[in-house]
Amino acid sequence: MQNTDIKSMTLSELNDAIKELGLPKFRAGQIYSWLHKQFAEDFSEMTNLSKDLRTKLSEQFEIKNCTIERKLVSSLDGTIKYLFKLNDGEFVESVLMKYKYGYSVCISTQVGCNMKCSFCASTIDGCVRNLTPSEMLSQIYAISKDNDIRVSHIVLMGMGEPLDNYDNVMKFMNLITNEDGQNISARHISISTCGIVPKIKELIKLHPQFTLSVSLHAPNDEIRSRIMPVNKAWNTDELLAVCREYTETTSRRISFEYAMMSGINDTDECARELASKLKGMLCHVNLIPANEVRENDYKRSSSEVVEAFAKKLESYGLTVTVRRSLGGDINASCGQLRRNRGKEERL
Ligand code: SAH
């Protein structure tokens, strides 16, 4: 029988398990702190527990960790991209970025992805499996440990579609915001989705405090369906309707991601159409010059085109940011390191 994944357990689940073992309640608090504050990767590190207890725990529970397989440090801005190996030998990617306001980590939520966006390298071989809450946490813990820092912001924008792994992502949110663990404010966490409408509806019911980012990337169904197959399941009108409902119910601003690809979605007409669709919504648009990946032929829009597009959107009253590109020299966009494992010379 497989041992229970102890780092994915909430404190109250851990309390129950400890009670069942006939142990005093404070042991659960100690173990939780070792896992989520001290980032213990093995029961042998838990030195305030008796040796017998540590052995007993290791017979029943497993600690899922991420070990660093590769690490690329940007010489431009210190951004660090990690390729992590999971306990079962699968690989995921994460990125550490330093901003004025603190350290932000971009984590993966699945090994691969099923969404098939045509410009994205993470999705090419489909989704191998979902990540557990512990594996999402471990990316942050391993990075905190490696750099001896406290991470203050988290974005779920790495490999995978968070809302396609909804329950594990929600449990991860519970654990990472828990005050007995890392206690990261939900307001410092962003979840990015390609637009799984029924799951956004579920989120609305939770009145979340985190930021929802929606990968829109196109102003209409014709373009969006071509580059994002998810649009065939829930089209642009359905997606934008649920986004409006989200902002009206939660009073939280939505961030629309828009990767600018030359000749695909970057014309004046696209800007006009986008502005008319987003009119009056509590949102902002984040323009991202697309990352060129060797697996497809998309070319990023020139900086002049991106600037003109931003100005056009602003002239229609939208709030626009152009994403500062971090780690340009290490190709910090996701999916590439994992795919090119063993082909280092091509990086
Ligand atoms: N599945 C989620 C989160 C993962 S990807 C989502 O779709 O939002 C994080 C962001 O990177 C998404 O906005 C995604 O569309 C974008 N992205 C993927 N490949 C890209 C590329 N080559 N250039 C620019 N952005 C890309």
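Leaving aside its neighbours within four places in sequence, which residues is Met9 in contact with? Keep that question in mind while the whole chain is on screen, since the tour comes to Met9 after a look at the overall fold and its two domains.

**The whole chain**

The model open in the viewer is a predicted one. Begin with everything shown as a cartoon, where twelve helices and 14 strands can be picked out. Taken along the principal axes, the C-alpha atoms of the protein fill a box of roughly 70 × 50 × 40 Å. The radius of gyration is 21 Å, which agrees with the value near 20 Å that a compact globule of 347 residues would have. If you colour by accessibility, buried residues make up 55% of the 347. Among contacts with a separation of 6 or more, 67% are accounted for by residues 24 or more positions apart.

**The two domains**

Next, colour residues 4-62 as domain 1 and residues 66-346 as domain 2, which is how the protein is divided. The contact between them takes 15 residues from domain 1 and 17 residues from domain 2. A distance drawn between the C-alpha centres of the two domains comes to 33 Å.

**Met9**

Now select Met9, which lies in the loop between β1 (4-5) and α1 (11-20). With 11% relative accessibility, Met9 counts as buried, because the cut-off for that class is under 20%. To return to the opening question, Met9 is in contact with Thr4, Leu14, Ala17, Tyr32, His36, Phe61, Lys171 and Leu175, once its neighbours within four places in sequence are left aside. Pro133 is also worth displaying here, for it is 124 residues from Met9 along the chain, while the C-alpha atoms of the two are separated by 8.6 Å.

**The cavity between the domains**

Where does the largest cavity lie? Residues from domain 1 (4-62) and from domain 2 (66-346) both contribute to its lining, so the cavity lies between them. To see it, select Lys7, Phe39, Ala40, Glu41, Asn65, Cys66, Ser138, Tyr141, Ala142 and Lys145, the residues that line it. Coloured by character, this lining divides into five nonpolar, two polar and three charged residues. The space inside is about 60 Å³, and a search of the whole structure finds one cavity of 30 Å³ or more.

**Two loop residues with positive phi**

Move on to Asp148, whose place is in the loop between α4 (133-147) and β9 (151-156). Its phi is near 50°, a positive value in a residue other than glycine. With a relative accessibility of 73%, Asp148 counts as exposed.

Ser251 can be selected next, in the loop between α9 (236-250) and β12 (254-260). Although Ser251 is not a glycine, it has a positive phi of about 55°, and at 56% relative accessibility this residue counts as exposed.

**Along β12 and β14**

From Ser251, go on to Ser255, which has its place in strand β12. Is Ser255 buried or exposed? With a relative accessible area of 6%, Ser255 is buried. Not counting residues up to four places away in sequence, Ser255 touches Leu212, Ser213, Val214, His284 and Asn286. A line drawn from Ser255 to Ser215 joins C-alpha atoms that are 8.5 Å apart in space, in residues that are 40 apart in sequence.

Keep Asn286 displayed and add Val322, which lies in strand β14 (residues 320-322). Asn286 is one of the residues in contact with Val322, and the others, outside its neighbours within four places in sequence, are Leu287, Val306, Glu307 and Ala310. Val322 is partly exposed, with a relative accessible area of 34%. For a view across the model, select Leu14 together with Val322: the two are 308 residues apart in sequence and, C-alpha to C-alpha, 44 Å apart in space.

**Last stop: Thr79**

Finish at Thr79, in the loop between β3 (67-73) and β4 (80-85). Thr79 is buried, with a relative accessible area of 1%. Showing Asp329 as well brings in a residue 250 positions from Thr79 along the chain, with 9.6 Å between the two C-alpha atoms.

Note on methods:
Residues are numbered from 1 along each chain as its sequence is written. This is a predicted model: local features need pLDDT of at least 70, side-chain atom pairs count only at pLDDT 80 or more; totals for chains, interfaces and linings use all residues. Side-chain values use heavy atoms; hydrogens and water are left out. On a 1 Å grid over the protein atoms alone, a cavity is a set of points where a 1.4 Å probe fits but cannot get out, and a pocket is an open set with protein on both sides within 12 Å along at least five of seven lines; lining residues have an atom within 4 Å of a point. Grid points are joined across faces, edges and corners, and a volume is the space filled by probe spheres set on the points. Ala, Val, Leu, Ile, Met, Phe, Trp, Tyr, Cys and Pro count as nonpolar, Asp, Glu, Lys and Arg as charged, and the others, Gly among them, as polar. Domain bounds come from an automatic or database domain assignment. Helices (H or I, at least four residues) and strands (E, at least two) are DSSP runs, numbered from the N terminus. The radius of gyration is taken over C-alpha atoms; the globule rule is 2.2 Å times the number of residues to the power 0.38. Buried means under 20% relative accessible area, exposed over 50%, partly exposed in between (1.4 Å probe, protein chains only). Contact means heavy atoms within 4.5 Å.
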